[in-house]
Amino acid sequence: MSIEVELPDGSKLEVEENATVEDVAYSIGTGLGDDTVAGKINGELVAKEENVSENDKIEIVTDQSEEYIDVLRHSAAHIFAQALKRLCPEAKLTIGPSTDEGFYYDIDNVELDKGDLEEIEKEMQNIVEEDLEIENKTLSREEAEDYYQDNKYKRDILEEEASEGDEISFYQQGEFKDLCKGPHVSSTGEVKAFKLLEIAGAYWRGDEENEMLTRVYGTALPSESKLEDFLEKRREAEKRDHRKIGKEMNLFSIPDFSPGCAHFHPNGMTIRRELEDFIRSKNDKLGYTEVRTPELNKAELWKKTGHYDAFKEEGEMFAWEQDDTEWGLKPMNCANHSHIFKSKKRSYKELPVRLSEFGNVYRNEQSGELSGLLRVRGMTQDDGHAYIREDQIQEELERTFEIIQQMYEEFDFDITFKLETKPDKAQGPDELWEKAEDSLESALKNKNANYDLNEGEGAFYGPKIGVMVEDAIGREWQLGTVQLDFVIPRNYGLTYVGEDNDEHYPVMVHRAILGSLDRFMGVMIEHFAGDFPTWLAPEQVRILPVSDDNLDYAEKVKEELGDIRVEIEDRSWTVGKKIQAAHDDKVPYMLILGDDEEEAGNISVRDREEREQKEVTLEKFKEQLSQEIENKELSQDFLS
Ligand SMILES: [Zn+2]
Ligand SMILES: [Zn+2]
């Protein structure tokens, strides 16, 4: 018997009924067969020994494929585990997957420090040099359970992920074997460039109720030079880490008692207010009016809109029972804004109705997923909803995209739009989905926007556009969003009276331009590495009196500078030390005021880039600096 499988170019290939991925590769060509590392069956990465079935879509993975890096990294995780077991036989292994950055392995029953990682790396190097063959081995369920009689984590995996069938897949290299469905590279010698990076803690299965395990992060790359590049980029990212800069500049904190919810300190709040003012000015231009809606609502609100099913079931919503009522913290602002739309009778003439809010929303992210301002539980979205007629869709979307393009330019971000289409949990009729997707795509085309398609990732109520941002060191982040929705108006009974005197459903545009202000600030801090453009800097100018005698003049100059954010350095330090402190605090401009300046009634200006100019008149400085702030200049103009 033979079966037919489909190849990436759409062509069909006939193979034996029990053929493996490797067999498929060999029937395409001997060279490809020899090079096969693994395969993909219907998009899922599998071992080359995996059997294919009728009509499967098959891709062959070689060391030239994009997926190869994941295979290599997972093999590096096994080498780590083998080295660890050689050095600490009592260690209990749990899971060790590959990640976007490398791999990790979670282990129990060991205590490790940085020095131990070096020892383990040396042993990993030995294993690489031993060039052990990595082989797929099958154990019976009984043998597997027996093998792990002292390891409840692996037994748990046997009961959960590997609960089906009696044949359990293991991978063996030398004396070491691990419960694993693969795939792997063919020998340990293939993993040439690797590095262990850090030790962290992680709960078993990501659940706080479970044991805290030791997580070791590492990475592997196809060559030493690629590893060096990776490590260099990582060092640069560490320097820019918003959590570190946030602490140094006293911008925000996330204490243990509010995990995932940030406190913005005065410096951080100054930046946030600048962002809010900027957003408000753009919302005014777009015709939005600002509203304020409550965080705390009865859960029945989201049952009407459909959010309850989408959020509550997946544990993403904070909800609880009190006084026989189910309450929730709002995960989105849509429902509350829709209530405002519904609060009076609407006519076709007043559409679009546009409502905006700095809306505080809460999502129950797992504690292990939280990361500074980038992944939080409580956030403020620069949210807005436009209720429009169908004939207004195109114009509304184009105006929104245009404002988004303009706004991100002010931060020197390169943006790409990501169009996410109909997901499995979609509600509403197919033709509305098609219409919504078409409208978004043609608006993007009309605005000459760069965009990628991401099928199946939309919201339950409509297709989504994600604003993808590339930062100063080439990392990509998702920030803003624009979504078109034909479903919530129907679920929630929103209508307007049309020209024909009949009731019609409006179309809803959901949009958050910078997205979550918290996340935006996290990304922005890393993008600028704390060297904010002057309009955003919490302290724009620091006055450095040469001696205490010049303090009165310093006060006078500060007063002259009016609205500009100025501080006076009044510690009795040398000028050199004062300059250093201002540099450390990333203040854009320093004014150095000594007896010469005081007598002449002028100032000496120094900027963050260490450029300097003496005998400057205060008026000229004030005028140019005000311009720089007003125009939201990215670079410091005065001394350039
Ligand atoms: Zn494995
Ligand atoms: Zn919304």
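Donors are N, O and S atoms within 2.8 Å of the metal. This report applies that term to a predicted model and then turns to two of its helices.

**Zinc sites**

The donors of the zinc ion (ligand 2) are spaced along the chain as C-x50-H-x124-H. Two of the residues that hold this ion link distant parts of the chain: cysteine 334 belongs to helix H12 (residues 334–342) and histidine 510 to strand E27 (residues 507–516), 176 residues apart. Both cysteine 334 and histidine 510 are buried.

For the zinc ion (ligand 1), the donors follow the spacing H-x3-H-x101-C. Histidine 74 is part of helix H3 (residues 68–87), whereas cysteine 180 sits in the loop between strand E10 (176–179) and E11, so this pair ties together parts that are 106 residues apart in sequence. Histidine 74 is buried, as is cysteine 180.

The coordinating atoms and their distances are set out below.

| Ion | Coordinating residues (atom) | Distances |
|---|---|---|
| Zinc ion (ligand 1) | His74 (NE2), His78 (NE2), Cys180 (SG) | 2.1 to 2.3 Å |
| Zinc ion (ligand 2) | Cys334 (SG), His385 (NE2), His510 (ND1) | 2.0 to 2.3 Å |

**Helix H7**

Helix H7 (residues 224–240) has 17 residues; at 1.5 Å a residue it should span 24 Å, and its end C-alpha atoms are indeed 24 Å apart, so the two values agree. Its buried residues are Leu227, Phe230, Leu231, Arg234 and Arg240. These residues pack against strand E11 (193–203), strand E12 (212–221), helix H8 (242–248) and helix H16 (517–528).

**Helix H14**

The 17 residues of helix H14 (residues 430–446) should likewise span 24 Å at 1.5 Å a residue, which agrees with the 24 Å that separates the end C-alpha atoms. Buried in H14 are Leu432, Trp433, Ala436, Glu437, Ser439, Leu440, Ala443 and Leu444. Because these buried residues cover an arc of only 155° around the axis, they lie on the same side of H14. The face turned away from that buried side carries Glu431, Glu434, Asp438 and Lys445, which are exposed.

Several elements cover the buried residues of H14, including helix H13 (393–409), strand E21 (414–420) and strand E22 (451–454). Strand E23 (464–470), strand E24 (476–485) and helix H15 (488–492) are also among the elements that cover them. After H14 comes asparagine 448, which has a positive phi, near 50°.

Note on methods. Residues numbered from 1 in each chain as written. Chains lettered and ligands numbered in written order. Predicted model: local features only at pLDDT ≥ 70, side-chain atom pairs only at ≥ 80, totals over all residues. Heavy atoms only, no water. Donors = N, O, S within 2.8 Å, 3.2 Å for Na, K, Ca; no water. Helix = DSSP H or I, 4+ residues; strand = E, 2+ residues; numbered from the N terminus. Buried < 20%, exposed > 50% of the residue type's maximum accessible area, 1.4 Å probe, protein only. Expected span 1.5 Å × (residues − 1). Contact = heavy atoms within 4.5 Å. Arc of directions from axis to C-beta.
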